[in-house]
Amino acid sequence: MNNKVQNNRAWLLVLPMLVLVAFSAIIPLMTVVNYSVQDVLGPHARFFTGTEWFSTMLNDPALHAAFGRQVAFSLIILAIQVPLGIGIALLMPKKGWQASAVLILITLPLLIPWNVVGSIWQIFTRNDIGLMGWSLSEIGLDYNLTRNASDAWFTIILMDVWHWTPLVAMLCYSGLRSIPEAYYQAARIDRASKWAVFRYIQLPKLTNVLVIAVLLRFMHSFMIYAEPFVLTGGGPGSSTTFLSQSLTTMAIGQQDLGPSAAFSIIYFLVILLVSWVFYTTIMHMQKDKNSQGGA
Amino acid sequence: MTWMVWTLPTAIFFSSIAAMLAGMTIWELRSPTVERKGFLPISTTRGDRLFVSLLSAAFIHLGIIGFTTFPLLVASALSVLWLLILMRWG
């Protein structure tokens with residue numbers, strides 16, 4: 001029956017990676033767990049607090065608000081970037097030098113470091129020297145992101161769309177390129193409309209890359225830190241303070257290591273849950289595909 | 001190890017996770033897992049079910065700590081019960 005030799009020696013090859021991950025992730029994470037159940041004032045002055053920090057963090061209205069803003073931000077980003085990315089990918093030239101040129105132009109925002117993106121937009125939106133801020137003021141709009149929460153939100157979303165839609169567009173572009181020409185020929189024979197081609201050929205073939213795009217964009221936006229920190233500093237008030245910034249203020253600004261450790265663990269668990277759901281979905285889709293191919 | 005500020009409860013917590021992983025390894029060597037579909041919407045292996053039950057145990061504990069006044073043992077008991085149900089019928 002099964003005459004394959006079982007050999008587990010390949011696991012030894014994973015060891016170096018395991019050691020690396022232990023040093024960079026597992027041991028620090030264990031330390032965070034230890035911090036989350038204590039009030040540590042120094043290595044020899046620490047008090048066991050049990051689950052107190054967790055219940056404080058879970059009932060903190062400021063964190064509830066930050067969590068709400070974070071979810072809202074991620075959903076808005078996805079609702080704009082995914083359709084926009086698909087649209088851009090459909091409009092991009094398919095071959096020749098134009099294709100390469102457009103690809104490079106579109107990818108440029110992805111190459112800029114996060115905090116530089118924040119600085120660029122900070123200057124871009126200033127009323128006195130920034131092109132966008134100055135123009136909006138000149139045409140009579142009361143635009144000021146340090147005073148109006150809605151202006152701050154509008155700018156952060158615009159910035160993120162500018163920075164990250166290219167990623168979605170590139171993923172979709174590669175997905176579109178992998179559709180065999182035969183599908184389009186069949187569609188032409190059937191005199192399918194452009195919409196029908198999109199709905200019944202392109203969109204179904206894009207499902208896999210779209211799941212990856214949604215996962216990446218969700219993770220990025222859920223952990224966003226540098227760009228809003230540089231652009232608005234979380235203000236006006238706390239209207240653009242997202243989760244990671246609340247965490248940094250707590251951990252580094254106020255040195256509340258216990259509560260911020262508890263908060264980090266909750267944050268980590270939420271991200272772990274979402275990633276697992278996405279990962280399982282992707283794996284499941286591939287499995288379905290394989291079983292279809294085999295049948 | 002001082003810098004890791006260990007406490008007895010967290011040490012017990014991590015030791016039991018390590019013991020679970022070791023136990024799962026031995027179990028897998030003795031009788032390899034068969035992927036099957038239970039009441040969960042996806043087909044799972046033994047390890048998948050353990051992961052799902054550990055992750056839900058974390059959220060059960062957070063829910064009980066944050067939003068009720070029940071003692072922590074209630075959360076742990078619920079988690080163990082959920083783990084057994086998942087491992088058997090999940």
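1. In this predicted model, helices α7 (residues 149-177) and α9 (residues 194-222) of chain A pack at an angle of about 150 degrees. Their axes are 9 Å apart. An angle over 145 degrees counts as roughly antiparallel, so α7(A) is roughly antiparallel to α9(A). The crossing of the two helices is right-handed.

2. Next, the residues behind that packing. From α7(A), the contact draws on D160(A), W164(A), L167(A), V168(A), L171(A), C172(A), S174(A), G175(A) and L176(A). From α9(A) come Q202(A), K205(A), L206(A), V209(A), I212(A), A213(A), L216(A), R217(A), H220(A) and S221(A). By class, the contact of α7(A) with α9(A) holds 11 nonpolar, five polar and three charged residues.

3. Helix α7(A) also meets α3 (residues 61-91) of chain A. Here the axes come within 7 Å and cross at roughly 45 degrees. That angle lies outside the roughly parallel range, under 35 degrees, and the roughly perpendicular one, 65 to 115, so α3(A) and α7(A) are oblique to each other. The crossing is right-handed.

4. On the α3(A) side, the contact residues are I76(A), I77(A), I80(A), Q81(A), V82(A), L84(A), G85(A), I86(A), I88(A) and A89(A). They meet I157(A), D160(A), V161(A), W164(A), T165(A), V168(A), A169(A), C172(A), Y173(A) and L176(A) of α7(A). The class split for α3(A) with α7(A) is 16 nonpolar, three polar and one charged. Some α7(A) residues serve both contacts: W164(A) and V168(A) are among those facing α3(A), and both are also listed for the contact with α9(A).

5. Which residues of helix α5 (residues 114-124) of chain A are buried? They are V117(A), G118(A) and W121(A). These residues cover an arc of only 100 degrees around the axis, which puts them on the same side of α5(A). The buried residues of α5(A) pack against α7 and α10 (226-231) of chain A. Helix α7(A) thus recurs as a partner, here for α5(A).

6. Now the chain interface. On chain A, 23 residues are in contact with 18 residues of chain B. Several elements of chain A each supply at least two residues of this side: α1 (11-36), β1 (38-42), β2 (45-48), α2 (52-58) and α12 (257-294). The largest share, seven residues, comes from α12(A). By class, the side of chain A that touches chain B has 14 nonpolar, eight polar and one charged residues.

How values were computed:
Residues numbered from 1 in each chain as written. Chains lettered and ligands numbered in written order. Predicted model: local features only at pLDDT ≥ 70, side-chain atom pairs only at ≥ 80, totals over all residues. Contact = placed C-beta atoms within 7 Å. Helix = DSSP H or I, 4+ residues; strand = E, 2+ residues; numbered from the N terminus. Nonpolar A, V, L, I, M, F, W, Y, C, P; charged D, E, K, R; others polar. Axes fitted to C-alpha atoms, helices over the stretch in contact; angles between N-to-C directions. Left-handed = near helix turned anticlockwise from the far one by under 90°. Buried ≥ 20, exposed ≤ 12 C-beta atoms within 10 Å, placed from the backbone. Arc of directions from axis to C-beta.
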